[in-house]
Amino acid sequence: MIEKPILVCGATGYVGGRLIPLLLQKGYRVRAAARSVDKVRARPWGRHPMLEVVSADVLDLGSLAKAASGCSATYYLVHSMNAQGKRFADADRISAKNMAAAASAAGHERIIYLSGLGEPNNPHLSPHLRSRHEVGDILRAGDVPCTVLKAAMILGAGSASFEILRYLVERLPVMITPSWVSTPCQPIAIGNVLHYLAECLEKPETSGRVFDIGGPDILTYRDIIHIYAAEAGLPKRWIIPVPLVTPKLSAYWIHLVTPIPSSIAIPLTEGLSVPVICRENAIRDIIPQRLIDCRESIRTAIQDILSHQVDSCWFDAGLERPPEWVHCGDADYAGGTLLECRVSTIIEATAPDIWPFIERIGGETGWYFGNVLWKLRGLLDRLLGGIGMRIGRKDPQMLSVGDPLDFWRVIQLQAPNRLVLQAEMKMPGEAVLDIRIAPVDDRRIQLSLFSRFLPRGLWGNIYWYLLYPVHAWIFLGMLRAIAEATGRPIVEAPKLNMP
């Protein structure tokens, strides 16, 4: 067994979040590189004795070189999906060059990269697929031998492609689709992808080569839609192809109908117009395994969702990192003026008495007060191209750092005393919601809610002061409703603490 650790870049992503525990199970030492260390440590395997967690950004060569030092090989599972930024290709290019340089300086024996299928010379290849091919070329041009695995649609509970399929089929009995519904595709189960990735380390003959990986079926997207409907016990879906519907228009429709935001839906749908099938199957001889067909893959994914056994999900990567001002405490922030709305109450209880009511907030529980207004804000955010409230939460009872929570993201969690949420909704600034439980004495606690906002320009300030009365009213109502829900005596009524 290899003694040096294996570096995994993209540890909080959909594939990385499943590959790491598999490598640990096989006995490898793993160094997980991510922009948020807390998000990795919050995973079920995040405290494994064979796991190191380091903070690194692939766009920062210095941090990446430090993460790569002392490792023997790297899994590079990073790619940009931000269609709105329009500079994803530059980011991918810089990141790949940094990875090649860091791996070379650290003396790595291997780089293993997961790319996408599709003919590189196809003029209709989407910009994102083209960028993923370019990343593979950059890594292979470096000093360290690079193995490239090229996959099409990955079938598994929580993958972005599968979630789009799931929500479209479950919510739309009739679908008006672009012509891509007839494009051939060779999907592959996430379990098969992980097996190929892990076994590449133990097969020296895969070093420096490019392999197409796919499942046993070549299907059209129409076929996959019908298979999902059958496995989910739904009536047959009616599919009406309309050539005038462009992939971009269908991406915006996906944005409105599913939890997948347009920034992710656009690159995914743009890639649906070209065939993505394996041109060769050489890896099947080197790494034999039972390839799971599309029907079984979908059936397994549905069962995982129903039993809440989703190990990783497309939204796990989330925000890049909490903004610096979140950690500055109550002092003024040197990078700008922090605006704050604070409400508090005193309850006759202990922190463990109150904490379960805080940890269950959002999702099906709701926000205890003004739920209609929260939903309207989510709808407005969705119409503006934001995430809205469609994601909900991963688990109805428990939270972990990095979890989505409606249009928030958990960035700090110190049970049973503190929960900090960062806003992912569209707004002219950055916002956090900080809920704290502090002891007053051995019989009473103070429950406080801080809403902090760093405005961006004039519109940010106008936004804050215009909505301040509404926010104060909502947060006071939330605090009162949470206190009443606990059933504990309220010693001091909720009050607004003026800044």
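Two strands count as paired if DSSP finds at least two bridges between them, and the strands and helices here are DSSP runs (E over at least two residues for strands, H or I over at least four for helices) numbered from the N terminus. With that settled, load the model. It is a predicted one, where local features need pLDDT of at least 70, side-chain atom pairs count only at pLDDT 80 or more, and totals for chains, interfaces and linings use all residues. Residues are numbered from 1 along each chain as its sequence is written, and side-chain values use heavy atoms, with hydrogens and water left out.

**Whole chain**

Start with everything in cartoon. You get 15 helices and 20 strands. Of the 499 residues, 54% are buried, meaning under 20% relative accessible area with a 1.4 Å probe and protein chains only (over 50% is exposed, in between is partly exposed). Turn on the surface: the accessible area is about 21,500 Å², and 56% of that belongs to carbon and sulfur atoms. That area comes from the Shrake-Rupley method with a 1.4 Å probe; for residues, only the protein chains shown count as cover. If you plot a contact map (heavy atoms within 4.5 Å), 74% of the contacts with a separation of 6 or more join residues 24 or more positions apart.

**Stop 1: the parallel sheet**

Select β3, β2, β1, β4, β5, β6 and β11, in that order: they make an open sheet of seven strands with parallel pairing. β3 (51–55) and β11 (210–212) sit at the edges with a single partner strand each, so one side of each has no neighbour in the sheet. On average, neighbouring strands of this sheet are turned by 20° against each other, direction ignored.

Zoom in on β1 (6–9) and β2 (residues 30–34), which pair in parallel over four bridges. Label Val-8 and you'll find its bridge partner in β2, Ala-32. Now add the helices. α3 (residues 61–68) packs on the sheet, touching β1, β2 and β3, and its direction makes about 170° with that of β2. α1 lies across β1, β2, β3 and β4 (73–76), at about 165° to β2. These angles run from 0 to 180 degrees between N-to-C directions, using axes fitted to C-alpha atoms, for helices over the stretch in contact.

Next, select Gly-13, in the loop between β1 and α1 (16–25). Is Gly-13 buried or exposed? Its relative accessibility is 18%, so it counts as buried. Draw a distance to His-79: the two are 66 residues apart in sequence, yet 9.9 Å apart in space, C-alpha to C-alpha.

**Stop 2: helix α5**

Jump to α5 (residues 127–141), which has 15 residues. From first C-alpha to last it reaches 21 Å, close to the 21 Å expected at 1.5 Å a residue (the expected span is 1.5 Å times one less than the number of residues). Show the side chains: the buried ones include His-128, Arg-132, Val-135 and Leu-139.

**Stop 3: the antiparallel sheet**

Select β15, β16, β17, β18, β19, β14 and β20: seven strands in that order form an open sheet, and the pairing is antiparallel. β15 and β20 (490–497) are at the edges, each with a single partner strand, so one side of each lacks a neighbour in the sheet. α13 packs on this sheet, touching β14, β16, β17, β18 and β19, with its direction at about 150° to that of β18.

Centre on β16 (residues 408–414): five of its seven residues are buried, so the strand is largely enclosed by the rest of the structure. On one side, two bridges join β16 to β15 (residues 404–405), and in their two-residue hairpin Asp-406 takes a positive phi near 55°. β16 also has six bridges to β17 (residues 418–423), with a hairpin of three residues joining the two strands. Which residue in β17 is the bridge partner of Arg-409? It's Gln-422, while Pro-404 stands opposite Arg-409 from β15.

**Stop 4: the cores**

Finally, show the largest nonpolar core, 45 residues, where those with the most contacts inside include Trp-408 and Leu-447. A nonpolar core is a set of buried Ala, Val, Leu, Ile, Met, Phe, Trp, Tyr and Cys residues joined through side-chain atoms within 4.5 Å. α15 gives the most to this core, with twelve residues. A second, separate core of 41 residues includes Val-30 and Phe-211.
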